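Welcome! Open your viewer and follow along, one selection at a time.

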Amino acid sequence: MGALKGILAIVGVAAILVGGLWALQGLDIIRWPASSFMLGDTTWTRNGVVLVVVGVVLVWFARKR
């Protein structure tokens with residue numbers, strides 16, 4: 001069971017980081033890469049926030065006893 005919790009935590013942290021990047025690109029705060037189709041598109045802001053929430057839930061489940 002410990003290995004599964006470790007994998008959940010790693011996937012959760014990765015989801016939080018990627019979701020944060022997507023949300024910030026959608027808000028046009030992070031302009032990297034400069035030619036990205038995601039820049040300034042609020043669809044990616046929503047997708048990023050949803051992914052961050054999923055990541056937080058995964059980390060929460062991994063930390064739960």
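## A short tour

Start with the whole chain in cartoon view: its secondary structure comes to two helices and zero strands. Here helices (H or I, at least four residues) and strands (E, at least two) are DSSP runs, numbered from the N terminus. This is a predicted model, in which local features need pLDDT of at least 70 and side-chain atom pairs count only at pLDDT 80 or more, while totals for chains, interfaces and linings use all residues. Residues are numbered from 1 along each chain as its sequence is written, and side-chain values use heavy atoms, leaving out hydrogens and water.

Keep the whole chain selected and turn it around. Its C-alpha atoms fill a box of roughly 45 × 15 × 15 Å along the principal axes.

Next, select residues 2–26, helix α1, and residues 42–63, helix α2; their axes come within 7 Å and cross at roughly 160°. Axes are lines fitted to C-alpha atoms, for helices over the stretch in contact, with angles from 0 to 180 degrees between N-to-C directions. α1 and α2 are therefore roughly antiparallel (an angle over 145 degrees).

Now select Asp28 and Arg31 and show their side chains. They form a salt bridge, with the closest N and O atoms 2.3 Å apart. The term means a side-chain nitrogen of Lys or Arg within 4 Å of a carboxyl oxygen of Asp or Glu. How many salt bridges does the structure hold? It holds one.

Stay on Asp28: is this residue buried or exposed? Asp28 counts as partly exposed, because its relative accessibility is 37% (buried is under 20% relative accessible area, exposed over 50%, partly exposed in between, with a 1.4 Å probe and protein chains only).

Note on methods:
Angles under 35 degrees count as roughly parallel, over 145 as roughly antiparallel, 65 to 115 as roughly perpendicular and the rest as oblique.
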